[in-house]
Each structure stands twice: as structure tokens, then as C-alpha cells.
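The exercises below are to be worked with the sequence and the structure side by side. Each task is followed by a solution that goes step by step.

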Amino acid sequence: MEKFIRHTGVGVPLRRSNVDTDQIIPAVYLKRVTRTGFEDGLFAAWRGDETFVLNQPGFAAGSVLVAGPDFGTGSSREHAVWALKDYGFRAVLSSRFADIFRGNSGKQGLLTGQLNQDDIELIWKALENAPGTKVSVDLDQRVVTCGDIVAPMQVDDYTRWRLMEGLDDIGLTQRHVDAIDDFEAARPSHKPRTLV
Amino acid sequence: MGQTLAEKVWDAHVVRRAEGEPDLLYIDLHLVHEVTSPQAFDGLRLAGRPVRRPDLTLATEDHNTPTLDIDKPIADLTSRTQIETLRRNCQEFGVRIHSLGDVEQGIVHVVGPQLGLTQPGLTVVCGDSHTSTHGAFGALAFGIGTSEVEHVLATQTLPLRPFKTMAINVEGRLKPGVTAKDIILAVIAKIGTGGGQGYVLEYRGEAIRSLSMEARMTICNMSIEAGARAGMIAPDETTFAYIEGRPHAPSGKEWDAALEYWRTLYTDDDAVFDTEVTIDADALEPFVTWGTNPGQGLPLSAAVPDPDTFADESERTAARRALEYMDLQAGTPLRDIAVDTVFIGSCTNGRIEDLRAAAAVVKGRKKADTVRVLVVPGSAKVRLQAEAEGLDKVFTEFGAEWRHAGCSMCLGMNPDQLAPGERSASTSNRNFEGRQGKGGRTHLVSPLVAAATGVRGTLSSPADLEPLDLEPVG
């Protein structure tokens, strides 16, 4: 998993609250067999609307999503995180995230940074006044910068550590590979094997 | 203080334990199928990770596979893609696979035990909630999600927090015509679909000890329908006799060593369960569900319940909604409910013993004209065994369709589905809305009740059938 220490990219104002995972990616995209290529499913229901923020040239190349409160509610589908990452987002900022979505994101290298709603509003205005404006997300310092706006960002210590180290669940376990090796060496030989 | 069976197996698999962190648990056997594995393999590919232990991994095709024309290309594109993806992934990562048409193909939870891979004291996982089936051997077996599938493929371990333990004591003896399916439906009706949440259930008592391995698998299989993470039964001579001589059973000195270990796998007398529940086997009757979750069940002799009689408000609401979906009137005797389809199969009741039991009921009889009867063996081997015993003839002479192995109408991912409004008596495990096809209505039953229902056309037990002139009914 790619390490996340700080990132600067075009901010995308998503002025909607309660964006659930069905809106992030509809169920029809769940039939696929890959882990990548979900960018076309991201916000699929809104992408046909030419006024939708991602359809505006200034925002199309965005990598920092600045969302309304209660982002990522609903189904536990990990595809929601895949879709955001596949589109090119590295961070989502909101005043409140759904727990499962936040957990899924942390495991897959997508930063979910919690900001005060007042700061979100300020950043929205700055981005809307000048599409293409960049937002800097500094996980090390836990601070978000956009023009003159400097906003503190909440990320729990454990998630911050994992993201800065670039450790997904498997990476975390593999730090203990010696313990796994030792355990395997002591396994009884009568245990079954599928390959003979 | 002594330990429960579940705690013994858990402790024997802890790779790493640290304060405040989940235990890292070693996985002995990882079963894989086409629906929950594609993204896991793709995740490995993206990260450049291999499968750590292909020799502890086995794949089979089951959820999507057709039960007719299995030598032709699969018509449904999504199904075909998932199957073809599994085949490619297994080839790329060196995982053994039993594909459609292979003699060892079948439902993953039928194939593992049949090969002798499922053994006492193992940890077994699969991206499928009915992995609890394997607990019948005294294994700690549970379903996992796709991310966890990837985690096990990469590391052969899982970080897990310990489960609580619940004893389900089934005391006494079953009456003739009452089966393992009736026990587990009664258990779920008693503790509720959420009653087992966070628990490993251990089924104990005289009635459990007297069951065959197939019957024990039926019970453990449906532990998840009570919300439990896993179900277990302590291994005994019945277990050892079932395993001995199977392709992957230990042999010679390894058998002796294994047996010595397996005999330590029981709950100590002074162990304490977090919760205990007792069921009186003598009082059980054939059980059927009337609603849309597996906890909404009653003895066949009962009538459709009146939702207003439920004490709990959420249960009242659920019952009202269920009766509406099921198109049933309170007070209707369950025996008067006519079905359109009888499905005999699934990882719950698709084993040879289940087919034998159903065949014994229908032998020499004709199915009701109004009913379609589908018999789907749990594995290709079960199908072959049944054919060797002439059961296929018994079923086809009865008027049933004799199909190839797979999950089939249990979840309708293949063409075997109920049409909207159709009603089934099904030996499977879930009666959720739309589970067997959009708008389909499911009554969960044992193989004996399914067979008798096929004869009369309404929910029935073998005791309801007119005696045959020539042969006794099993």
C-alpha cells in the first residue's frame, strides 16, 4: 500500500450530506471480478448530470474530495473505497464519516480526514470561487491548507500510523512473519494438505 | 478451570497474542469458491503477493454452476465470468480446483468433508457463511469476507477477537421421522436469528451423540442462521469412523497421532460456557418455517401464527410483514399449505444420507401433479453414489428432476429459481425474501418433509402418507 504522509491536489467540493455507499457506487457494479477499474461507477447516478461537480473541467482532475457530513453511510461494500481511489482521490474530508466506510478506507490507503463543518464551508467557498484550487493534506501535522485557510484535521493515531507506514491489513500481519514461520514449523504432520 | 472445545481449538492456533490486539490465528484449511474470491486474488496480484500455502487451499465451483447441460458453456455471462476467473486465478496461484464436470466438484462444504480434508481440531475458513458446516467434526470453522479471503491467501492467518461460547444441550431421543434439520430449526426458533451473535455454539447431549456425521453437518451448517459465528460438535467414534480411509485422512502412524490428539478435543467437565440452552429432543416434531427468516418456524402440526400473539413489538411487525410476503393467513394449518416446488439439496441437506432418506419416502409413489420436484446432489460424488444405489431411478420414477451438483435453488444464482409468487418446500437454509428467486416463497423443511410434501402437494411428513400396499415406507 502506498504511504500517505502529505498530499496536494485539486479539491472537489461535494455539497451533499449523507452520501451513502450506494451513491458512491451502485450495486450493479458489484458483479465485477476485479479490484480496479471502478472509476466509471463512482457517483454513477450523478455523472450523467452535466452540472455535477466532477463534470466541470476545473474539478475533473480532483484528488481531494471535500464532502458534506455523514459521508459513506449504508452498505459495507469495499467497492466504495476502490471507486474513489480508482478515480484518483487520495483523501476525503468531511465533518463526519460512517464507521465502516472510515475503517475500509484506512485499510486501503484512502485518508478520511475529519474537519469542522465551518472549515469545510470555508474550503467549499474557496474551491467554488476558483475551480482548480489545490488543497494540501498534511497527515504528519494533521492539518489541511487551502489558500489562506488552515484547518486542523482529526485522524486517529492508529490510522495515521498505518497510512504513514503504508501498511494494509496484510502488511500489518506480515510484520509478524517470523511468528507465522515458527508456528508452521511446529504444526503436527498429521494435519491435511490439499496438494500431495 | 477447564476449557470448552472451542477454546481448546482456538488456543492451539494462536500465532501471536498481544495486549489490546486481536489474536493472530493460524488457518489450517482455506476453501475457496467463485463468488467471493475474485477480488481477493486480484488484490494479491496488485500487491505482488503469492498465495502463502496453496497446499492448505482448495477451490471448487458451486454457487453459479448450472445443474443441467454442464458440458455446454454457461449461458449467464456474469456466472461464466466468475467461473472462468476462478479457473485462471487457481492456475496462476497454484491452487487446486475442482471444476464443473470434475468428479470431485460440488458444494464446497460437501466436498471438504467428503475428501477427508475436514478434520477435528482444524481451523477452517471460506468466503461463505455456511462454513460452520465443518464444525460437525470438532473443527473451528467460520465464514469470512473477501478482504479476509485475501488476508488468508497471503498469510494463512487472520487477526481475530475471541468468540463467546454457548452450549446447546439437546437431551433425550428423537422420535422416528424427526431429524437433525428439525433440531436446528427448533434451536433457531428458540434462540432467534440473532441469539447466537458473537458466539460459537457447541451442540451437546444424547440426541447429538446419536447423530450421523451428515446429520451433524446439517445442524452445524445452520448455526449462522442463529447469528452464530460457528457451530461445533466434539469428535467421537462416529467422527473418526467417517474420516478413516478418505483420500486426505491421515494413515499409519499419522492416523494414530491424529487420533490421539482428536481424543483430547472435548469440553472439560469444569469448563464454563458463557450461555447454555437446553432443547428436549423427545418433544420435537417435524419443523417447518412459515415466515421469511429461519427463526420463524413451528412444528408441522401447528397453524400459521397470529402476529398479534407475539409479545415483542418488532416480532409482531416482522410476522405481519412475513405473512404478507408469504401470502399466508393466520390460523391456516401448516399442513394445508400447498407448494409449487420441492427442492432437495444444498450444503444443508444435499448429502447421500439426505437423498437416501428422501428416496425411501418417495419409492414406489408418484409426485403430486401440481408440484415440481428438483433433486440436486451436493457434489458430483454424491450424485455418483446415489446413482450406484439406484436412487436416481427412484426419484425420476417418482417424477422428480435429477440434476447435477451445485448450490442451485438454495440461492438461485444459477437458472434454478422460483418464479415470482411460487412457493417451495426446500431443504436449504434460508427463507429470506427473494432468496430462491425474486418474489419466491420458501418453507424450510427436512428431506423427509420435502419428500412427503412432493407426494401430497401440501406441507406433509411421511406419517401423513397413505401406506403403500407392497413396501414399507422408510
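**Exercise 1.** Determine which residue just after H16(B) takes a positive phi, and then establish how far helix H16 of chain B is enclosed.

*Solution.* In this predicted model, the residue to find is B:Gly457, which follows directly on H16(B) and has a positive phi of about 85°. The next step is to go back into the helix, which spans residues 447–456 of chain B, and to count its buried positions: nine of its ten residues are buried, so the helix is largely enclosed by the rest of the structure. Taken in order, the buried residues of H16(B) are B:Pro447, B:Leu448, B:Val449, B:Ala450, B:Ala451, B:Ala452, B:Thr453, B:Gly454 and B:Val455. The last step is to ask what covers them, and the cover includes both strands and helices of chain B: strands S13 (287–289), S15 (341–344), S16 (372–375) and S18 (423–426), together with helices H12 (346–349) and H13 (352–362).

**Exercise 2.** Place A:Arg142 and B:Gln156 in their loops, give the phi of each, and decide whether each counts as buried or partly exposed.

*Solution.* A general expectation comes first: most residues other than glycine have a negative phi. A:Arg142, which is not a glycine, nevertheless has a positive phi near 55°, and this residue sits in the loop that runs between strand S5 (134–138) and strand S6 (143–146) of chain A. Since 14 C-beta neighbours are found inside 10 Å, A:Arg142 counts as partly exposed. B:Gln156 is likewise not a glycine, and its phi is positive at about 60°; its loop lies between helix H5 (146–155) and strand S8 (157–160) of chain B. For B:Gln156 the count is 23 C-beta neighbours inside 10 Å, and this residue therefore counts as buried. The cut-off that the last step needs is 20 or more other C-beta atoms within 10 Å.

**Exercise 3.** Describe the surroundings of B:Phe310, beginning with its loop and ending with the residues that it touches.

*Solution.* B:Phe310 belongs to the loop between strand S14 (297–299) and helix H11 (313–326) of chain B. With 15 C-beta neighbours inside 10 Å, B:Phe310 counts as partly exposed. Once residues up to four places away in sequence are set aside, the residues that B:Phe310 touches are B:Glu315, B:Arg316 and B:Ala319.

**Exercise 4.** Work out how domain 1 and domain 2 of chain B are arranged, and what makes up the side of domain 1 that touches domain 2.

*Solution.* The domain assignment of chain B places domain 1 at 5–275 and domain 2 at 289–464, and the centres of these two domains, taken over C-alpha atoms, are separated by 24 Å. Their contact takes 37 residues from domain 1 of chain B and 37 residues from domain 2 of chain B. On the side of domain 1, the elements that give two or more residues are helices H4 (108–114), H6 (180–191) and H8 (213–221) of chain B, and H6(B) provides the largest share, five residues. Sorted by class, this side of domain 1 has twelve nonpolar, 18 polar and seven charged residues.

**Exercise 5.** Analyse the contact between chain A and chain B from the side of chain A.

*Solution.* The contact takes 22 residues from chain A and 38 residues from chain B. Helix H7 (169–174) and helix H8 (177–185) of chain A each supply at least two residues of the side that touches chain B, and the largest share of that side, four residues, comes from H7(A). By class, the side of chain A that touches chain B is made of eight nonpolar, eight polar and six charged residues.

**Exercise 6.** Set out the overall build of each chain, from its helices and strands to its buried share.

*Solution.* Chain A has eight helices and seven strands, and its C-alpha atoms fill a box of roughly 70 × 40 × 25 Å along the principal axes. Of its 196 residues, 36% count as buried. Chain B has 16 helices and 19 strands; its radius of gyration is 22 Å, close to the 23 Å that the globule rule gives for 474 residues, so chain B is as compact as a globular protein of that length. The box filled by the C-alpha atoms of chain B is roughly 60 × 55 × 45 Å, and 57% of the 474 residues of chain B count as buried.

Key. Residues numbered from 1 in each chain as written. Chains lettered and ligands numbered in written order. Predicted model: local features only at pLDDT ≥ 70, side-chain atom pairs only at ≥ 80, totals over all residues. Domains from an automatic or database assignment. Contact = placed C-beta atoms within 7 Å. Nonpolar A, V, L, I, M, F, W, Y, C, P; charged D, E, K, R; others polar. Buried ≥ 20, exposed ≤ 12 C-beta atoms within 10 Å, placed from the backbone. Rg over C-alpha atoms; globule rule 2.2 N^0.38 Å.
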